[in-house]
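Me: Could you take a close look at one part of this model for me? I'd like to start from a single side chain and work outwards to the helices and cores around it.

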Amino acid sequence: MTPSPHAVASEALVPSCDFDAILAERDGLVRHAERVDELLRQAPPGFPRLFLDRRNSRDDWDVESVRVDANRSAWQRLMLESGLWSFLDSKARDDWREQIERSTPPDFNAENAEATMRSIHQQRGDMVARGVADVFRRLSGRFKTNAPNRFGRRMILTGVGGDYYRQAACDSLDDLTRAICVLRGVPEPDHRNAAWSRISDVRLARRRHRDTSTPLPKPVAEFDYFQVRLFQNGNGHLAFRFQADVDRLNRVLAYGARGAIPDDVRR
């Protein structure tokens, strides 16, 4: 069986993703919804109320809502199964969540998917540089450990520990990891091994041991190129393992600031 041109193009960008299967499932779901809608419309007046599920009845059945959900699910599967999610910096992830998860997503079809994949690949370098700058902007100047014009071997991050950890703060750790990998010339880690997951594992392990006689595991999330000690006030003390990585990050930061750190870099 000869693959479609769109499948070939998609495989060149994301070889691990079966794009045609995702598209077929999306289209199949919409067709089923259209058939159900047509059958319900043929019911005679006064027919007993039919519940399609716990949320929808015949009176408020809407094929368009199914189409939106099908598009949203397909886009999410494409990003996760293809590994493209691993390429996005924290701002790109926020933009994606706003467009796909919180708003009406565009139709999922071959043309839109291929254009999205190509755009992400073309912007990878810019996203790395932007991610490095965004991490630096999030460093609070209240802590003496955080230098005002560069990354240090040790830094204090907010919103990554305790009960105050936030998705955006964890995305910052992924931005650091991604930048270091690109600068080292090694593949970026899979999104399923992201900072959010590692920090959640640390929190869960400590919670499970809290009522036992065994010592609590250390509140430390280990990464390939740094470690983060987590505190209940939400702070995380990050320590890079290698000075060379710090130097590379500072060169990227300086490049993005055109050789100098502007006054408004630190919010």
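Reply: W96 is buried: its relative accessible area is 9%, which puts it under the 20% cut-off for that label. Bear in mind that this is a predicted model. The residue sits in helix 4. Leaving out residues up to four places away in sequence, W96 touches W75, M79, W85, L88, E101 and T116. Take W75 from that set: it is 21 residues from W96 in sequence, yet the two C-alpha atoms are 9.9 Å apart in space.

That pair takes us to the packing of two helices. W75 belongs to the helix 3 side of the contact, along with R72, Q76 and M79, while helix 4 brings W96, I100 and E101. Sorted by class, this contact has 4 nonpolar, 1 polar and 2 charged residues. The axes of helix 3 and helix 4 (residues 90-101) are 10 Å apart, at an angle of about 150°. Since angles over 145 degrees count as roughly antiparallel, helix 3 and helix 4 are therefore roughly antiparallel to each other.

Helix 3 has another partner, helix 2. Here the axes of helix 2 (residues 19-41) and helix 3 (residues 63-82) come within 10 Å and cross at roughly 170°, so these two are roughly antiparallel to each other as well. Their crossing is right-handed. On the helix 2 side the contact includes F19, I22, L29 and V30, and on the helix 3 side V63, V66, A70 and A74 are among the residues taking part. There's plenty of charge in the mix too: the class count is 10 nonpolar, 1 polar and 7 charged residues. Among the charged ones are E25, R26, E34 and D37 from helix 2, with R67, R77 and E81 from helix 3.

Now for the cores. In soluble globular proteins, nonpolar side chains tend to be buried together. The largest nonpolar core in this model has 32 residues, and F151, L173, F226, L238 and F240 have the most contacts inside it. Several elements each supply at least two residues, including helix 6 (124-138), strand 1 (154-157) and helix 9 (243-256). Helix 7 gives the most, with 7 residues. As for F151, if you skip its neighbours within four places in sequence, it is in contact with V132, V135, F136, L139, V246, L249, N250 and L253.

A second, separate core of 20 residues includes A74, W85, F87 and A113. Two of those names bring us back to where we began: W85 is touched by W96, and A74 is part of the contact between helix 2 and helix 3.

Methods:
Residues are numbered from 1 along each chain as its sequence is written. This is a predicted model: local features need pLDDT of at least 70, side-chain atom pairs count only at pLDDT 80 or more; totals for chains, interfaces and linings use all residues. Side-chain values use heavy atoms; hydrogens and water are left out. A nonpolar core is a set of buried Ala, Val, Leu, Ile, Met, Phe, Trp, Tyr and Cys residues joined through side-chain atoms within 4.5 Å. Buried means under 20% relative accessible area, exposed over 50%, partly exposed in between (1.4 Å probe, protein chains only). Helices (H or I, at least four residues) and strands (E, at least two) are DSSP runs, numbered from the N terminus. Contact means heavy atoms within 4.5 Å. Axes are lines fitted to C-alpha atoms, for helices over the stretch in contact, and angles run from 0 to 180 degrees between N-to-C directions. Angles under 35 degrees count as roughly parallel, over 145 as roughly antiparallel, 65 to 115 as roughly perpendicular and the rest as oblique. A crossing is left-handed if the near helix is turned anticlockwise from the far one by less than a right angle, and right-handed if clockwise. Ala, Val, Leu, Ile, Met, Phe, Trp, Tyr, Cys and Pro count as nonpolar, Asp, Glu, Lys and Arg as charged, and the others, Gly among them, as polar.
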